[in-house]
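Trainee: I'd like to go through the inside and the surface of this one with you. Can you pull it up?

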Amino acid sequence: MFGTESSLSMFLNTLTPKFYVALTGTSSLISGLILIFEWWYFRKYGTSFIEQVSVSHLRPLLGGVDSSAPTNTTTSNGEADSSRQSVSECKVWRNPLNLFRGAEYNRYTWVTGREPLTYYDMNLSAQDHQTFFTCDTDHLRPADAIMQKAWRERNPQARISAAHEALELEDCATAFILLAEEESTTIMEAERLFKQALKAGESCYRRSHQLQHHSSQYEAQHRRDTNVLVYIKRRLAMCSRKLGRTREAAKMMRDLMKEFPLLSMFNIHENLLESLLELQNYADVQAVLAKYDDISLPKSATICYTAALLKARAVSDKFSPEAASRRGLSTAEMNAVEAIHRAVEFNPHVPKYLLEMKSLILPPEHILKRGDSEAIAYAFFHLQHWKRVEGALNLLHCTWEGTFRMIPYPLEKGHLFYPYPICTETADRELLPIFHEVSVYPKKELPFFILFTAGLCSFTAMLALLTHQFPELMGVFAKAFLSTLFAPLNFIMEKVESLLPSSLWHQLTRI
């Protein structure tokens with residue numbers, strides 16, 4: 001035993017400061033390389049490589065995963081269902097309240113020099129225009145044939161020139177639409193062009209309505225003319241809303257919904273809700289919600305947060321978090337809080353915009369439900385309505401974060417809705433401009449192993465630097481540290497030697 005101790009002491013004494021410098025330098029280099037790899041892997045795949053290897057390879061060895069066939073089948077079916085749900089949840093929708101390109105988006109570009117729309121967003125709009133404003137019989141009419149090519153043009157000036165060319169042949173409704181959307185620099189000018197488009201569109205609609213049953217081509221033409229007419233009337237209502245004629249806009253939207261009740265894909269009720277909130281006609285807002293906030297219909301941030309606003313309005317003016325903590329929540333307050341939790345679960349990005357914790361930008365022409373793009377589009381138009389209701393934002397501020405305690409793992413489990421889709425971040429980055437910081441939910445935190453390797457790398461690098469600068473002093477510290485480290489072992493060995501007879505201990509050492 002004493003020979004082992006003397007050998008260890010001799011070995012420690014023979015170590016030079018250069019050895020300690022090399023040891024700490026090598027440790028720092030290795031931990032630095034691990035840190036760089038871990039950071040790169042986390043940025044690319046969103047998870048720690050060490051954690052993934054541990055879960056994938058070590059857990060099965062420890063018996064943490066049942067590898068039976070039925071379980072695998074069930075898991076694969078669950079993954080398939082999850083992927084199908086993810087695809088349906090990540091569908092991109094046309095923004096019901098999208099702005100005018102010429103009168104609003106382009107003016108923003110002229111003032112700031114920034115492009116508010118991405119190429120992906122504008123390409124989706126081009127596909128929408130080709131779907132709704134063209135049909136197979138367009139080649140039979142020269143003006144419609146020109147417009148069919150115009151909707152495929154990427155250059156805005158080429159599209160505008162083609163629209164003027166079509167109008168030289170005849171009054172073409174889709175040509176007026178294109179000029180109102182892209183060439184007009186004011187809402188009043190856009191409204192004037194949409195009124196001209198309405199005359200041409202109604203004429204085409206009446207004509208195709210009479211012939212729609214004659215053949216499939218006439219039926220397709222009538223479907224196109226219906227889409228054109230609905231689009232024109234909706235944009236005229238939006239022009240009235242932007243020009244301050246809100247009651248007129250609400251009436252136009254109601255009439256449009258009555259005239260074409262089956263065209264729910266345009267989500268005209270969301271335009272109506274915004275206009276009714278501006279009029280502070282909360283009874284009619286509740287009536288619209290009762291019709292469209294149905295379990296069989298797709299939800300939206302407008303539906304969920306408007307329902308929360310109405311319930312918050314009943315209690316927000318007298319709500320006090322201190323009083324509520326003392327006496328508890330009343331039934332009405334509980335209903336309001338539950339409505340806020342429901343809305344936040346559907347789209348968790350909205351509260352930061354409503355509470356002005358994050359800056360707003362112009363909403364895109366397309367949105368992803370439950371994503372950051374939908375949150376921007378909602379807050380851009382509805383922030384003023386929340387501010388108008390006294391205490392509503394205070395109630396939202398006090399209660400919205402409680403939703404996350406109800407759903408600790410939102411990607412795997414939902415409460416009132418399906419689990420939060422994991423594809424929203426990727427789609428939102430394509431829909432939103434690069435100067436906007438996309439909101440991510442749930443927020444990714446750095447894995448433990450990245451923090452551990454960062455600390456290890458920094459500690460060993462500091463030791464290497466100190467050893468290089470003060471080799472003798474660090475050598476003394478190293479010897480003292482090792483002596484302290486082995487002190488408990490030496491103490492135990494001394495106790496064992498004192499308890500055992502010397503002859504027995506001699507025999508054991510010989511063995």
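Trainee: How many cavities of 30 Å³ or more are there?

Mentor: Bear in mind that this is a predicted model, where local features need pLDDT of at least 70, side-chain atom pairs count only at pLDDT 80 or more, and totals for chains, interfaces and linings use all residues. Residues are numbered from 1 along each chain as its sequence is written, and side-chain values use heavy atoms, with hydrogens and water left out. A cavity is a set of points on a 1 Å grid over the protein atoms alone where a 1.4 Å probe fits but cannot get out. By this rule, the count is three.

Trainee: Which element gives the largest share of the lining of the largest cavity?

Mentor: That cavity holds about 110 Å³ (the space filled by probe spheres set on the points, joined across faces, edges and corners). Its lining (residues with an atom within 4 Å of a point) has 16 residues, with N95, P96, E270, T302 and I367 nearest the centre. β1 (92-94), α15 (301-313) and α19 (372-388) each give two or more. The largest share, four residues, is from α19.

Trainee: And on the surface, which helix supplies the largest share of the nonpolar patch?

Mentor: The patch is F459, M462, L466, F470, L473 and F477, together about 600 Å² of accessible area (Shrake-Rupley, 1.4 Å probe). Its members have over 30% relative accessible area and no salt bridge (Lys or Arg side-chain nitrogen within 4 Å of an Asp or Glu carboxyl oxygen), with nonpolar side chains joined within 5 Å. α23 (448-469) and α24 (471-499) each supply at least two residues, and F477 lies in α24. Still, the largest share, three residues, comes from α23.

Conventions. On a 1 Å grid over the protein atoms alone, a cavity is a set of points where a 1.4 Å probe fits but cannot get out, and a pocket is an open set with protein on both sides within 12 Å along at least five of seven lines; lining residues have an atom within 4 Å of a point. Patches are made of residues with over 30% relative accessible area and no salt bridge: like charges are joined within 9 Å, nonpolar side chains (Val, Leu, Ile, Met, Phe, Trp, Tyr) within 5 Å.
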